[in-house]
Amino acid sequence: MTPSTTSETSFPLIDLFAGCGGGSIGFRQAGFTPVAAIEIDKDASDAYQANVGIAPITRNIRRVSGEELLTAAGLDAGDCTLLSGCPPCQSFTNLRKASLSTGKDRRRNTLYEDYLRLVAAVQPRHIAFENVPGMLSTRWRRHFDALLEGLNDLGYDSTWSIVDAADYGVPQRRKRILVIASRLT
């Protein structure tokens with residue numbers, strides 16, 4: 001399946017850290033059309049393709065350029081309605097002991113920078129960013145604040161809240177930070 005273009009859909013979605021496609025499926029149910037995704041894990045990428053119908057770029061997000069992502073989506077900068085993503089959150093979780101944070105975790109902590117880099121390149125009208133509430137802890141708050149500052153510097157007006165999936169019909173308590181931002185025009 002080839003990516004959709006803006007002439008085929010009025011609400012194109014790009015999914016970063018796409019996993020097996022749960023986020024894209026939910027956004028599709030809300031009226032968006034997934035047109036591109038990035039997922040580092042081959043098995044998750046294969047599952048995404050089976051679930052969503054498009055083949056993600058299967059590579060470390062740090063090695064994907066904005067131009068490559070826009071080409072995969074069949075879009076020009078500014079044509080994407082929503083860019084969504086949830087960078088890995090293992091080291092931000094409150095369930096993890098501080099002593100277990102590894103060098104790999106510390107590298108993961110800065111993946112929001114690649115999220116911002118691709119926001120700058122894609123110039124979506126809106127973004128959705130999700131992560132665990134532990135990102136707000138004293139230890140990790142600087143990463144969250146840098147994300148919000150980066151969005152502001154790119155011309156986005158953002159709001160955030162902690163939401164619980166149980167409040168939306170999911171049969172489990174799953175609290176997450178949800179950041180929604182739109183470009184100021």
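Is Ser84 buried or exposed? In the predicted model described here, Ser84 has a relative accessible area of 9% and is therefore buried, since residues under 20% are counted in that class. Ser84 belongs to strand β3. Apart from neighbours within four places in sequence, the residues in contact with Ser84 are Leu13, Ile14, Asp15, Leu16, Phe27, Tyr115 and Ala128.

The strand that holds Ser84 is part of an open sheet of six strands, arranged in the order β2-β1-β3-β4-β6-β5. Strands of a sheet pair through backbone hydrogen bonds, and this pairing may be parallel or antiparallel. In the present sheet the pairing is mixed. The edges are formed by β2 (33–38) and β5 (156–164), each of which pairs on one side only. On average, and with direction ignored, neighbouring strands of the sheet are turned by 20 degrees against each other.

Helix α1 packs on this sheet and touches β1, β2, β3 and β4. The direction of α1 makes about 160 degrees with that of β1. A further helix, α6, spans residues 141–153 and lies across β4, β5 and β6. With respect to β5, helix α6 runs at about 145 degrees.

The two edge strands can be described through their pairing. At one edge, β2 runs parallel to β1, and five bridges join the two strands. One bridge partner pair consists of Leu16 and, in β2, Ile38. Strand β2 is mostly covered, with five of its six residues buried. At the other edge, β5 and β6 run antiparallel and are joined by nine bridges. Here Ser161 has Leu178 of β6 as its bridge partner.

Two residues illustrate the surroundings of β6 and α6. Arg183 is located in strand β6. Its relative accessibility is 27%, so Arg183 counts as partly exposed; this class lies between the limits of 20% and 50%. When residues up to four places away in sequence are not counted, Arg183 touches Gly78, Gln123, Pro124, Arg125, Gly155 and Tyr156. Leu151 is 32 residues from Arg183 along the chain, and the C-alpha atoms of these two residues are separated by 8.9 Å.

Phe144, by contrast, is a residue of helix α6. Phe144 counts as buried because its relative accessibility is 0%. Its contacts, with neighbours within four places in sequence left aside, are Met135, Leu136, Trp160, Ile177 and Val179. The C-alpha atoms of Phe144 and Gly134 are separated by 10.0 Å, and the two residues are ten residues apart along the chain.

The largest pocket of the model contains about 940 Å³ of space. It is lined by 29 residues, of which Gly22, Gly23, Phe27, Cys86 and Glu130 are the closest to its centre. Several elements supply at least two residues each to this lining, namely β1 (12–16), α1 (22–29), β3 (82–85), β4 (126–131) and β6 (175–183). By class, the lining comprises 17 nonpolar, eight polar and four charged residues. Phe27, listed among the residues closest to the pocket centre, is also in contact with the buried Ser84.

Methods:
Residues numbered from 1 in each chain as written. Predicted model: local features only at pLDDT ≥ 70, side-chain atom pairs only at ≥ 80, totals over all residues. Heavy atoms only, no water. 1 Å grid on protein atoms, 1.4 Å probe; cavity = no way out; pocket = protein on both sides within 12 Å on 5 of 7 lines; lining within 4 Å. Points joined across faces, edges and corners; volume = space filled by probe spheres on them. Helix = DSSP H or I, 4+ residues; strand = E, 2+ residues; numbered from the N terminus. Nonpolar A, V, L, I, M, F, W, Y, C, P; charged D, E, K, R; others polar. Pairing = 2+ DSSP bridges. Axes fitted to C-alpha atoms, helices over the stretch in contact; angles between N-to-C directions. Contact = heavy atoms within 4.5 Å. Buried < 20%, exposed > 50% of the residue type's maximum accessible area, 1.4 Å probe, protein only.
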